[in-house]
Each structure stands twice: as C-alpha cells, then as structure tokens.
Amino acid sequence: MSNWKHIQLEQGDDWCMLTLSRPKVLNALSKELLEELSEAIDWVENQEAVRALIITGAGEKAFVAGADISELRQVPSAVEAERLAILGQSIFTRIEELAKPVIMAVNGYALGGGCELAMSGDILLAADHARFGQPEVNLGVIPGYGGTQRLSRAIGKHTAKYLCMTGDMISAEEALRMGLVQKVVPAADLLEEAKKLAKRLAQKAPVALHLTKKAINYGAEADLKTGLQMEASYFGLSFNTEDRIEGMDAFLAKKSPQFKGK
C-alpha cells in the first residue's frame, strides 16, 4: 500500500475509497496504474473491516479519461496488444466480482478505459458534468478492456454499437436515461453522496450482498430457468449464515441488525 504512486487511499470505519491520481494526464490508465489498481483490489479484498469500496478519480475534470495513448502507441505487436487487453479485462472483472459492493464515483470524463472501469462497478454515481464514451474508433482501434461487452449488456446492443462506432460522448443525464448510471448529483456533492451510500451498504449483511452480486452478474448471462435455479441456490446458501438469524430476529424484535459477515 505504501508503494502506490498513483492511487490515494481514504479509509472510513467500514468503507474505503481509492482515488486514481495521474492528474497531468487526466488519470489516464497506464500499465503501472493498472498494476497498482490490481494490488489495491487485493488489499481491499483482504480487509475484513472494509465492507464497501468507492473508486473515483483525482481532480475535477476526469474520472479516467482513457488509456495512456503515449503507451499504447508504443505497443509493438498484436500479441502484446492482446496481452494488455487481457490484463485490463482481468482487473476490471476482479472488481466486478469483488465480494464487496463497489461504487464508482464518476467525477468527470469517463472515456475509453475510464468508461470500461466505471462499468465494472456495481453502482455508478455521476457528477452532473461527467461525460461517458468509447472513442477508440477515432484512434483506429476498438475498446479492449471490456467496453464492447459490458456496454452492450448495460444499454443494449444497438445503442452500444452507436456509441462504439461513432465514438460520441454522452452526458451524465443521457447515461442516466440509458441506464448506464444510477444517479446524477451536483459535482460538489458527489463524494459525499458516494460515502453515504457506502456507509449504507456497509450496514447490510455482507454475505447476502455478495450472493446478490453473484446471482445478478451470472444470472444475467444465463437463460431464465438457469438464472432462477441459481437464485434459489444462493437463497439457500444465505440461510446457512449467522447474519440470516440476526436479521430475522432483529426484524421481529423491531431493532436494527448487527451483521458480522458470518
């Protein structure tokens, strides 16, 4: 953690926030930053006290404005480009599959790799001046960190084709209308809103949150019959927890539950 050059950590009682910080290049995703992000996810995963994660970008202009084009220009071959794509995809998939809820606080431009990173979160909060897009076509390439796949699943195949083929940017309000983000707030209030949400989620039953994520993530890619069976199985697993007893007893006693993640 002390070796991170481009990630700042803020810790609350039961949540934490990772701020990606390369302000001179609008927090562009270099390979070094991706590797640090992977280390940071390892750290969050192993912190039992951390029950919710926020990811945001440094400054007021950008969440992540894209990949580091100066680095991409030097990629020597298709094989190396594929390896880089697999690296980015694997890190973003780890975020998507993290057992803890992940809030993306999109504080400005979320373009290319930044949009792809944002889509790996569970809940996207956007500042009112945020902009989203997959402009890779303007560079002669396609999205490589999951953009063609997560965008089509989030907003539909044809709308995703339009954005990826035109390279157009959309506003936070347009992203909200399309279902890409869940809430738009004034820029000055974004981090406070994200922290409030993180604190709320941190009070929920951790195992139930994890199973909910798995049921939605995996079930969304399955047929309905398979998804329903998956839901039933995870529902059964949730009954095999101390938190289930705590939650139901607290409800019957009309008091707040104290979940332990067990």
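**Exercise 1. The R153 salt bridge**

In this predicted model, find which side chain meets R153 in a salt bridge.

*Solution.* Start at the side chain of R153 and look for its partner: E221. The N to O distance is 2.8 Å, which lies within the 4 Å cut-off for a salt bridge. Next, place the two residues in the domain assignment, which gives domain 1 as 7-202 and domain 2 as 204-253. To finish, look at the count between domain 1 and domain 2: 2 salt bridges.

**Exercise 2. Polar contacts and the elements behind them**

Work out how many residue pairs are in polar contact across the interface of domain 1 and domain 2, and which elements give two or more residues to the domain 1 side.

*Solution.* Across the interface, 7 residue pairs are in polar contact, with both residues at pLDDT 80 or more. On the side of domain 1 that touches domain 2, two or more residues come from each of α3 (78-97) and α8 (190-202). Now sort that side by class: 7 residues are nonpolar, 7 are charged, and none is polar.

**Exercise 3. The extent of the interface**

Describe how domain 1 and domain 2 are placed, and what area is buried between them.

*Solution.* Begin with the centres, taken over C-alpha atoms: 27 Å separate those of domain 1 and domain 2. The contact draws 14 residues from domain 1 and 8 residues from domain 2. Then turn to area: about 830 Å² is buried between the two domains, with carbon and sulfur atoms giving 46% of this. Finally, see where domain 1 loses the most area to domain 2: at E97, A99 and L201, which together make up 41% of what that side buries.

Note on methods:
Residues are numbered from 1 along each chain as its sequence is written. This is a predicted model: local features need pLDDT of at least 70, side-chain atom pairs count only at pLDDT 80 or more; totals for chains, interfaces and linings use all residues. Side-chain values use heavy atoms; hydrogens and water are left out. Domain bounds come from an automatic or database domain assignment. Contact means heavy atoms within 4.5 Å. Buried area is the accessible area (1.4 Å probe) that two parts lose on being put together, summed over both. A polar contact is a pair of N or O atoms within 3.5 Å; within protein, one must be able to donate a hydrogen and the other to accept it, and residues adjacent in sequence count only if both atoms are side-chain atoms. Helices (H or I, at least four residues) and strands (E, at least two) are DSSP runs, numbered from the N terminus. Ala, Val, Leu, Ile, Met, Phe, Trp, Tyr, Cys and Pro count as nonpolar, Asp, Glu, Lys and Arg as charged, and the others, Gly among them, as polar.
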